[in-house]
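The following exercises are to be solved with the sequence and the structure at hand. Each task is followed by a solution that proceeds step by step.

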Amino acid sequence: MLHFLADKAIEDGKRMIALGDEKNIRYICDHVPGEHLYKTFVRPVDNEKYVNTVKEILDKTEAGEFRKSVLIVDDDPSYMGLVREWLKGTYKVSMANSGLQALKWLGKNKADLILLDYEMPVTSGPQVLEMLRSDEETKDIPVIFLTGKGDKESVMAVVALKPQGYFLKNIEREELLEKMEEFFILHKQNR
């Protein structure tokens with residue numbers, strides 16, 4: 001049962017509060033990833049602390065603190081703003097208008113996924129991907145390319161770089177949300 005609850009918490013981006021004796025708590029801590037185990041309470045439980053913890057987790061959930069973090073990197077501010085509007089109800093969305101700005105942002109913040117424009121001036125999407133993968137701090141962040149070109153040659157060039165995927169820029173809102181949800185379910189990001 002615990003494995004099911006832990007998997008469900010990870011899949012839904014939820015946090016768990018565990019109650020039990022010392023042995024139960026140790027078992028739970030060993031089997032639930034730390035970032036999904038919000039707090040533990042050993043019996044007997046201090047009811048006031050428990051109620052305050054529940055209020056705290058509800059407030060943080062309401063504020064979006066536990067949402068997956070998505071960084072959109074694109075030199076087109078109107079397209080980036082559109083995608084942000086589509087995603088902001090489900091994800092914690094940040095934006096960078098260049099590869100270098102994205103790298104600077106990642107120096108201070110974490111992202112669960114980067115949506116990266118393939119064609120940008122100065123530093124192209126492939127160059128940014130190469131920089132991300134050569135840095136120990138960012139090498140494991142999944143990257144999905146955004147591209148305006150759907151012809152076979154262009155798609156093969158994108159896929160050859162081995163990103164976690166690619167989306168054509170003409171993708172519709174519902175399809176993007178659906179594909180992002182599928183991505184997070186399949187990859188069960190544990191950040």
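**Exercise 1: A helix with two sides**

Among the elements that cover the buried residues of helix H7 are strand E6 (143-147) and strand E7. The model is a predicted one. Task: determine which residues of H7 are buried, and explain why they count as lying on the same side of H7.

*Solution.*
Step 1. The buried residues of H7 are Ser154, Val155 and Val158.
Step 2. Around the axis these residues span an arc of only 95 degrees, and therefore they lie on the same side of H7.
Step 3. A general rule is helpful here: an α-helix has 3.6 residues a turn, so residues three or four places apart point the same way.
Step 4. Lys152 and Glu153, on the other side of H7, are exposed.

**Exercise 2: Backbone exceptions**

Most residues other than glycine have a negative phi, and most peptide bonds are trans. Task: state where valine 122 and lysine 162 are found, and which residues a cis peptide bond joins.

*Solution.*
Step 1. Valine 122 belongs to the loop between strand E5 (113-117) and helix H6 (125-134). Its phi is positive, near 65 degrees.
Step 2. Valine 122 has a relative accessible area of 80%; because this is over 50%, the residue is exposed.
Step 3. Lysine 162 is placed in the loop between helix H7 (152-159) and strand E7 (165-168). Its phi is also positive, at about 60 degrees, although lysine 162 is not a glycine. With 64% relative accessibility, lysine 162 is exposed as well.
Step 4. The cis peptide bond lies between arginine 43 and proline 44, with omega about 0 degrees. Proline 44 is part of the loop between strand E2 (37-42) and helix H3 (47-62).

**Exercise 3: Aromatic pairs**

Task: state how many aromatic pairs the structure holds, and explain why the pair of phenylalanine 41 and tyrosine 50 is edge-to-face.

*Solution.*
Step 1. The structure holds five aromatic pairs.
Step 2. The ring centres of phenylalanine 41 and tyrosine 50 are 5.6 Å apart, and their planes stand at 80 degrees, so this pair is edge-to-face. Phenylalanine 41 is buried, at 10% relative accessibility, whereas tyrosine 50 is partly exposed, at 29%.
Step 3. Tyrosine 118 and phenylalanine 145 also form an edge-to-face pair, with 5.2 Å from centre to centre and 80 degrees between the planes. Because tyrosine 118 lies in the loop between E5 and H6 and phenylalanine 145 in strand E6, the pair ties together parts that are 27 residues apart in sequence. Both tyrosine 118 and phenylalanine 145 are buried.
Step 4. Ring pairs also link Tyr91, Phe183 and Phe184 into a cluster.

Methods: Residues are numbered from 1 along each chain as its sequence is written. This is a predicted model: local features need pLDDT of at least 70, side-chain atom pairs count only at pLDDT 80 or more; totals for chains, interfaces and linings use all residues. Side-chain values use heavy atoms; hydrogens and water are left out. Helices (H or I, at least four residues) and strands (E, at least two) are DSSP runs, numbered from the N terminus. Buried means under 20% relative accessible area, exposed over 50%, partly exposed in between (1.4 Å probe, protein chains only). The arc is that of the directions from the helix axis to the C-beta atoms. Contact means heavy atoms within 4.5 Å. Rings of Phe, Tyr and Trp (its six-membered ring) pair if their centres lie within 6.5 Å; planes under 30 degrees apart count as stacked, over 60 as edge-to-face and the rest as tilted.
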